[in-house]
Amino acid sequence: MIAYILRRLVLLVPVLLVVGVVVFALVHLTPGDPAAVILGDRATPEEIARLREQLGLNDPLPIQFVRWF
């Protein structure tokens with residue numbers, strides 16, 4: 001019984017990683033800029049750039065994924 005539980009817990013790690021990668025990819029494949037959506041239509045490009053920096057959207061995708069996960 002203990003071996004079964006341990007095996008299931010070990011197999012949980014790759015499953016969570018795969019699900020995380022799929023969800024992260026789907027979020028990033030959706031059209032539009034999240035910062036522009038958050039700020040709305042009246043936002044200036046400077047405001048959008050500032051929010052993108054604050055949210056970490058300018059960072060490389062692997063860093064964004066680790067921060068998101």
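**Figure 1. Asp59 and its salt bridge with Arg67 in the predicted model.** Asp59 has a relative accessibility of 25% and therefore counts as partly exposed. Its side chain meets that of Arg67 in a salt bridge, with an N to O distance of 2.7 Å. Arg67 is likewise classed as partly exposed, because its relative accessibility is 49%. Side chains of opposite charge can pair when their charged atoms come close. Asp59 is also one of the residues touched by Gln64.

**Figure 2. The salt bridge between Arg52 and Asp33.** The structure holds two salt bridges. In the pair shown here, the closest N and O atoms of Arg52 and Asp33 are 2.7 Å apart. This pair links distant parts of the chain, with the two positions 19 residues apart in numbering. Arg52 belongs to helix H3 (residues 45-55), whereas Asp33 sits in the loop between helix H1 (2-29) and helix H2 (34-39). Arg52 counts as partly exposed because its relative accessibility is 24%. Asp33, at 24% relative accessibility, is partly exposed too.

**Figure 3. Surroundings of Gln64 in helix H4.** Helix H4 spans residues 61-68 and includes Gln64. With a relative accessibility of 8%, against a limit of 20%, Gln64 is counted as buried. Its side chain makes a polar contact of 3.2 Å with the side chain of His28. A polar atom of the Gln64 side chain also lies 3.2 Å from the backbone oxygen of Leu57. Beyond residues up to four places away in sequence, Gln64 touches Phe24, His28, Gly56, Leu57, Asn58 and Asp59.

**Figure 4. The largest nonpolar core.** Five residues make up this core: Ala35, Ala43, Ile48, Leu51 and Leu57. Contacts of Ile48, leaving aside neighbours within four places in sequence, are with Asp33, Ala35, Ala36, Leu39 and Ala43. Among these, Ala35 and Ala43 are members of the core. Asp33, another contact of Ile48, is the salt-bridge partner of Arg52.

**Figure 5. The largest pocket and its lining.** The space in the largest pocket is about 270 Å³. Its lining consists of 14 residues, and those closest to the pocket centre are Val27, His28, Pro34, Leu57 and Gln64. Helices H1, H3 and H4 each supply at least two residues of the lining. Two of the residues closest to the centre, His28 and Gln64, are joined by the side-chain polar contact of 3.2 Å. Leu57, also in that group, belongs to the largest nonpolar core.

Definitions and conventions
Residues are numbered from 1 along each chain as its sequence is written. This is a predicted model: local features need pLDDT of at least 70, side-chain atom pairs count only at pLDDT 80 or more; totals for chains, interfaces and linings use all residues. Side-chain values use heavy atoms; hydrogens and water are left out. Helices (H or I, at least four residues) and strands (E, at least two) are DSSP runs, numbered from the N terminus. Buried means under 20% relative accessible area, exposed over 50%, partly exposed in between (1.4 Å probe, protein chains only). A polar contact is a pair of N or O atoms within 3.5 Å; within protein, one must be able to donate a hydrogen and the other to accept it, and residues adjacent in sequence count only if both atoms are side-chain atoms. Contact means heavy atoms within 4.5 Å. A salt bridge is a side-chain nitrogen of Lys or Arg within 4 Å of a carboxyl oxygen of Asp or Glu. A nonpolar core is a set of buried Ala, Val, Leu, Ile, Met, Phe, Trp, Tyr and Cys residues joined through side-chain atoms within 4.5 Å. On a 1 Å grid over the protein atoms alone, a cavity is a set of points where a 1.4 Å probe fits but cannot get out, and a pocket is an open set with protein on both sides within 12 Å along at least five of seven lines; lining residues have an atom within 4 Å of a point. Grid points are joined across faces, edges and corners, and a volume is the space filled by probe spheres set on the points.
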